[in-house]
Each structure stands twice: as structure tokens, then as C-alpha cells.
Amino acid sequence: MNGVENAPMIQLRQVVKRFKTAAGEYIGLNGVDVDILAGQFVAIVGKSGSGKSTMLNMMTGIDHPTSGEVLVNGVNIYKMSESERSLWRGHNLGIVFQFFQLLPMLSLLENTMLPMDFCNAFSPAERPERAFELLKMVGLQEHANKLPAAVSNGQQQAAAIARALATDPPIIVADEPTGNLDSRSSEEIIELFYQLVLQGKTIILVTHDPSITKRTTRTLIISDGKIINETVAKALPLLTHAQMLKVTHLLEKKVIPAGNTIIHKGEHIDSFFMISEGEVEIVLEPAKQEVVTIARLGEGEFFGEVELIHGGNSIASVRAAPERPVKLVVLRRKDFTEMLVGSPLTEDAISRIVQARMAENRAADRRRRWW
Amino acid sequence: MNSYFSSLPVPPTNNHRLLIQLSQVVKIYNTAAGDFTALKGITVDLHAGEFVGVIGKSGAGKSTLLNMITGADMITSGEVVFNDPDGKSTSIHKLSENSLAVWRGCNVGIIHQSFQLLPMLNLVENIMLPVDFSGHYKRRISKERAIELLTLMELEDHAYKLPAYISGGQKQRVAIARSLANDPPIIVADEPTGSLDTLTAETIFEIFEKLIEQGRTIIMVTHDNNLAPRFTRRLLITDGTITADSGFHLISTQEQR
């Protein structure tokens with residue numbers, strides 16, 4: 001791992017945001033911790049009112065956290081004055097909005113030049129040329145001199161992306177960038193974002209659009225002002241957000257060194273294990289010195305469910321793969337059972353996996369006998 | 001709604017001279033699916049001081065009509081003539097791109113449904129943004145002028161806030177302040193109350209009525225039928241043509257009753 005390249009581009013530390021409204025206090029974010037690495041393409045999803053946009057506003061410095069810290073590119077952005085932050089933002093963040101926010105009286109070229117003028121980035125002579133190059137990149141070279149009203153919504157959003165790139169910021173954030181577009185324009189905009197990620201930009205977007213989350217490298221689900229554990233979201237996608245959040249609160253985290261055994265065959269099992277990072281091997285040890293690996297499980301997969309559902313002791317051993325340590329999140333039997341009761345869909349899905357795995361095990365057992 | 005379109009013409013006075021004349025305005029969009037005719041030969045005269053409501057269903061051609069009046073989009077055929085107070089007439093679609101930008105910058109303020117404020121800039125900065133790059137008139141208004149405009153909109157206490165900290169209605173007032181930066185005689189507004197609740201929409205509408213009292217001309221696209229009686233002129237657009245015109249009056253239908 002290269003320490004510099006993998007330093008988090010954005011860090012939220014225990015970020016709390018409370019809003020005071022006429023109806024009383026409202027908690028927008030309730031202690032959010034998250035690291036976003038350089039080059040990641042991150043989607044923030046969640047129901048309306050869950051805190052998605054608030055979280056984005058914390059990263060851009062457009063809104064202030066009530067408590068907690070936000071570090072962007074190593075800088076604590078809330079220790080700056082408003083005007084310092086404004087300049088910092090101009091150089092570090094490109095922002096794209098659902099309703100484009102292009103100035104109606106200015107051409108697309110002039111709109112794209114605005115951030116450079118505002119931050120005094122690039123020499124005044126270079127700016128029109130750079131703006132034109134950016135518009136060309138997003139496919140708008142023929143429309144550079146048109147007003148926003150004269151082009152389609154998709155083209156307006158493409159221009160807004162060109163504008164967001166004007167000062168060449170390392171980070172692009174977007175709030176519902178396809179929320180006001182038809183599906184074809186959405187595809188084009190998502191492709192643009194994807195190309196920018198390939199160029200090394202870090203992109204974070206708030207979205208409802210499943211065609212975006214298919215392309216992102218990471219999805220953060222927000223529920224009730226908190227981030228759902230990403231492993232839970234991956235392993236148990238059929239839970240509701242509220243159920244995922246409940247499970248998130250009940251988890252215990254474990255790190256197992258590479259090659260170490262997690263469960264011995266025949267051991268009594270009282271937990272459900274989900275893999276956050278690394279891989280585990282499911283092994284049978286039919287005889288001394290003999291090891292048969294029957295499966296390898298990776299990120300977002302789980303084990304322990306067979307024993308929890310069928311009762312009985314472990315039917316195989318489980319160990320961390322030899323290459324690197326494994327990070328696990330663990331749910332106790334009582335909480336696992338309660339979760340299944342609350343989510344028949346999850347119970348169905350897990351039962352099917354249990355049947356498949358037991359069949360695999362029997363097959364492996366038979367092979368062993370014939371050996 | 002048809003009762004609002006009954007014609008009671010009032011002869012124009014000097015203060016209500018002929019301002020914008022549209023004749024046989026046609027707009028055809030070339031799309032992948034073939035040509036689409038958005039406006040099918042619109043002819044209408046608008047006078048200084050009118051509060052014009054452009055009413056019609058989604059896709060009827062309302063916004064296209066506004067774009068023809070502001071010169072934001074190219075006309076396919078026909079003419080839009082603007083008469084200035086000195087009696088000079090300009091066919092705006094015959095202007096070069098630069099001259100059109102100058103004409104627009106001096107004469108038209110534009111307001112959108114979704115405000116189009118830059119969230120990373122405070123209210124004063126949003127209003128002070130360069131109004132035009134053509135270099136023919138002042139690129140940037142002074143901070144004093146920006147604050148004066150915010151005061152006019154009763155937003156002076158929020159001058160240094162970012163848009164995220166104010167309500168939708170307040171954002172739209174900032175957008176109105178910005179549209180007034182160059183003191184244009186014409187305000188063009190596309191669904192300016194479309195994303196606001198009824199009460200907030202009312203305050204925005206009252207601001208427009210005040211601007212009309214000051215002698216400005218406003219052309220506003222709306223879906224909201226409740227607002228219809230308060231315009232001095234209503235144009236009903238259906239499928240790219242004007243299907244009803246309440247005619248030129250000095251007062252609104254509401255006041256006529």
C-alpha cells in the first residue's frame with residue numbers, strides 16, 4: 001500500500017448536524033464517520049430526508065457541522081474563515097447540481113469561465129481557450145456560444161460538469177446530477193463522470209438513480225442521519241434501510257491475522273460472520289496433514305448461517321486466507337434470528353444459500369470418501 | 001378560465017407604447033426523431049407596462065416563446081422587433097451574437113423556476129456576478145448596488161449568507177434582485193413560482209406587481225391558473241399557437257371586476 005496515494009481524500013469524523021426549525025430541533029446527521037479515498041467513485045443513497053444532501057454539504061463547506069470534523073485533502077475545512085473556504089473550495093471542488101445552476105444570461109462558454117475568473121485560476125488569456133476545451137470534452141463544442149435556454153437539459157448538465165472542471169479540482173461532488181434528466185441524457189452524464197474517475201478524479205454523488213450506483217465503486221447508504229455499515233448493505237441487501245441501520249448498531253468488528261483459523265470444525269457457533277475486507281477459506285480436514293478447501297469467500301459474503309439456522313456444530317473449518325488479514329463484522333445469534341423474523345425476504349435468500357452450501361458440503365464429503 | 005380571455009381593448013397611451021412585436025414567429029427543432037414545430041407562426045404585440053401571463057400545458061411552446069423574445073434561441077422564421085423609448089426599432093434575431101448579448105444585457109432580466117444561483121457564492125456575490133462578457137457595458141455591478149437590490153427584496157440581513165441558508169422564496173428574491181442588476185425595462189420569468197409553496201408564490205407575485213407599478217414590463221410563463229386573473233394580459237398557448245388572447249388592458253381582470 002502506498003501511504004500517500006491511499007491517504008483519505010475526504011474524512012468525516014463524528015460529524016453531527018442539527019437543524020433548528022420552528023417545530024423544534026431536527027438531527028440531519030447523527031455522528032457520521034467515513035473515509036473516502038482518492039480516485040474513488042462514491043454514491044451516497046438514502047430516502048428523501050435521510051441526510052444525503054446534508055452529508056454532501058458538509059464535504060463542500062456549503063453548510064457547517066454542529067460538531068465533528070471534516071478533512072478534505074488533509075485540510076480541516078471548518079478551521080478556515082468563510083472567505084478562505086470559498087477560495088479553497090474553488091480550487092479543490094467542482095460542484096454539479098440537479099438544476100444545473102447555469103447563469104441564464106451567459107453563454108455556456110462564459111458560464112464555464114466563471115470559476116476561473118472567480119478563483120483567479122489560469123491567466124485571463126488562457127481562460128476562454130480552456131473553457132472551450134472543457135466544453136469540447138463534454139461534447140458541446142458546437143454549442144459553446146449558446147445560452148443555457150437554447151440547449152437541452154442534458155446539455156446544460158454537461159456544461160455544468162465542464163464548469164465544475166474549470167479550475168481542475170481533484171474532487172467533483174454532485175447532488176442528484178441526473179435527477180432532472182431523461183434516461184438517455186442520464187447515461188451520457190454518468191459516462192462523463194466515469195471517464196473523469198478514470199482520469200483520477202474523486203467523485204462523490206448523491207443520487208436516487210440505480211443506473212449510477214451500478215457504475216460507482218462504492219455506495220454509502222444513509223438512514224436516519226447515519227451511515228449503514230457497507231458490509232451489511234452488501235451482504236444483506238434485502239433488508240430495509242431501517243433494518244440495516246439496526247444491524248449496523250449491533251455489529252462487533254473483528255480482525256483475523258492471515259492464515260488464522262476463525263472457526264474449527266465441530267465447534268459450537270453462536271454468531272453470523274460477514275466479511276468486510278479480505279477472504280476466508282472454508283476447509284475440511286479429512287485426515288491429519290490433509291486439507292481440502294471447498295470454498296473461498298470474499299468481501300460482502302458471509303458464513304455461520306448454516307449452523308445458526310440448522311442448529312448443530314460447524315460443518316467445516318473457516319480460516320483467514322493466507323495472503324492478508326481478514327476484517328469481519330459479527331452479529332450474535334439472538335440478533336441474527338430477530339433480523340430474519342423481521343425480514344422474510346432475507347430469510348428466504350439465506351435459506352437458499354444454506355441449501356446450496358449444504359449440497360456442496362455433501363458433494364465434498366462424498367469426494368473425500370471416494371478419495 | 002376562458003372568461004379571463006374576454007376582450008376589452010383599451011387604447012394605448014404614451015406610457016404604454018408598443019414594446020415588442022412578434023410577427024409570424026416559427027420555431028422548428030430538428031431532433032433525431034424528426035422535425036418538431038414548437039411555434040407555428042405567432043403574431044402578437046406587447047406593450048410597455050403590460051403584465052403578460054403566458055399560460056398553457058407543458059410542451060405547448062410557452063418557454064420557446066420566451067426564448068424567442070429574449071433571443072436566447074434562434075428563430076426559424078418570422079421576426080421579433082423591439083421598440084426602444086427613442087423610437088428606434090431593432091429586429092433582435094437579425095443582430096450579431098455580440099450585439100444581441102448587449103441588447104439583452106441592457107433590456108432583459110431573466111428569472112428561472114430553479115433560481116440558478118451559485119450555491120458556493122454568497123448572495124451579494126451571486127448578484128455581482130458578471131452580467132455580460134461582451135465588454136460593451138459594465139461587466140460587474142458594485143457591491144453597494146448589489147446590497148441596494150437585496151434591500152429592495154428585504155434580504156439585506158442575509159447579504160453574506162450562502163444560498164443553502166435561505167428558503168426557496170428568498171432564493172427566488174435573490175434571483176429577481178440579480179435580474180434587476182442592470183435595471184432592464186423587461187423581466188422575463190419562466191415558472192418563477194413553480195417550485196414554491198402557495199404562500200411564498202404570493203410574495204413573489206406581489207414583487208412582480210410592484211415592478212409593474214414602477215413601469216416595468218413582465219412576461220411570465222405559469223401553470224398556475226389561480227394567478228391568471230391578476231395578469232393584465234393573458235396569452236393561452238396550445239400546440240404552438242396562441243388560442244386565446246385577453247387583449248391589451250391597463251388593469252388586470254381582477255381589477256376590472
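Which residue in β16(A) does M274(A) stand opposite? I looked it up, and the partner is F302(A).

**Ground rules.** I noted that this is a predicted model, where local features need pLDDT of at least 70, side-chain atom pairs count only at pLDDT 80 or more, and totals for chains, interfaces and linings use all residues. Residues are numbered from 1 along each chain as its sequence is written, while chains are lettered from A and ligands numbered from 1 in the order in which they are written.

**The sheet.** Next I traced an open sheet of 4 antiparallel strands in chain A, ordered β11-β18-β13-β16. Strands here are DSSP runs of E, at least two residues, and helices are runs of H or I, at least four, numbered from the N terminus. β11 (252-256) and β16 (302-303) of chain A stand at the edges with a single partner strand each, so one side of each has no neighbour in the sheet. I found 2 bridges joining β13 (residues 271-277) of chain A to β16(A); pairing takes at least two DSSP bridges.

**Two helices.** Then I turned to α3 (residues 108-119) and α4 (residues 127-137) of chain A, which pack at about 120 degrees with axes 9 Å apart. Axes are lines fitted to C-alpha atoms, for helices over the stretch in contact, and angles run from 0 to 180 degrees between N-to-C directions. That makes α3(A) oblique to α4(A), the word for angles outside under 35 (roughly parallel), over 145 (roughly antiparallel) and 65 to 115 (roughly perpendicular) degrees.

**Between chains.** Last, I checked the contact of chain A with chain B: 19 residues come from chain A and 20 residues from chain B, counting C-beta atoms, placed from the backbone, within 7 Å.

Terms used
Contact = placed C-beta atoms within 7 Å.
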